[in-house]
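Here is a short report on one protein chain. Look over the sequence and the model first, then read on.

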Amino acid sequence: MKNVDFDISVGIEVPRHKVRLHRLPARIVKIVPAYESYEYFVLADGRIVIVDPDTYKIVLILT
């Protein structure tokens, strides 16, 4: 995702109309089963943003 005009921080709700979420790969869920219901998107700088799809709040940012 290239044009981010919102804050990327844990707890922030991302705009639903600007972000396309993807299911986490099974290999990640196998390592961290608690992430099973979460989805993600990737920023242009390579950071992976894990989001709760029910609330659209950021739960983790992987760098």
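## Fold

Helices (H or I, at least four residues) and strands (E, at least two) are DSSP runs, numbered from the N terminus. The protein chain has one helix and four strands. Along the sequence they follow the pattern β-α-β-β-β.

This is a predicted model: local features need pLDDT of at least 70, side-chain atom pairs count only at pLDDT 80 or more, and totals for chains, interfaces and linings use all residues. Residues are numbered from 1 along each chain as its sequence is written, and side-chain values use heavy atoms, with hydrogens and water left out.

## Asp52

Asp52 sits in strand β3, residues 48-52. Asp52 is buried (under 20% relative accessible area, 1.4 Å probe, protein chains only; exposed is over 50%, partly exposed in between). Asp52 has no salt bridge (a side-chain nitrogen of Lys or Arg within 4 Å of a carboxyl oxygen of Asp or Glu). Its nearest side chain of opposite charge, Arg16, is 7.9 Å away. Here Lys and Arg count as positive and Asp and Glu as negative; His and the chain ends are not counted.

What does Asp52 contact beyond its neighbours within four places in sequence? The partners are Tyr38, Lys57 and Val59, with contact meaning heavy atoms within 4.5 Å. A polar atom of the Asp52 side chain also lies 2.8 Å from the backbone nitrogen of Asp54.

## The salt bridge

The structure holds one salt bridge. It joins the side chains of Asp45 and Arg47, at 2.9 Å from N to O. Asp45 is exposed, at 52% relative accessibility. Arg47 is partly exposed, at 26%.

Terms used:
A polar contact is a pair of N or O atoms within 3.5 Å; within protein, one must be able to donate a hydrogen and the other to accept it, and residues adjacent in sequence count only if both atoms are side-chain atoms.
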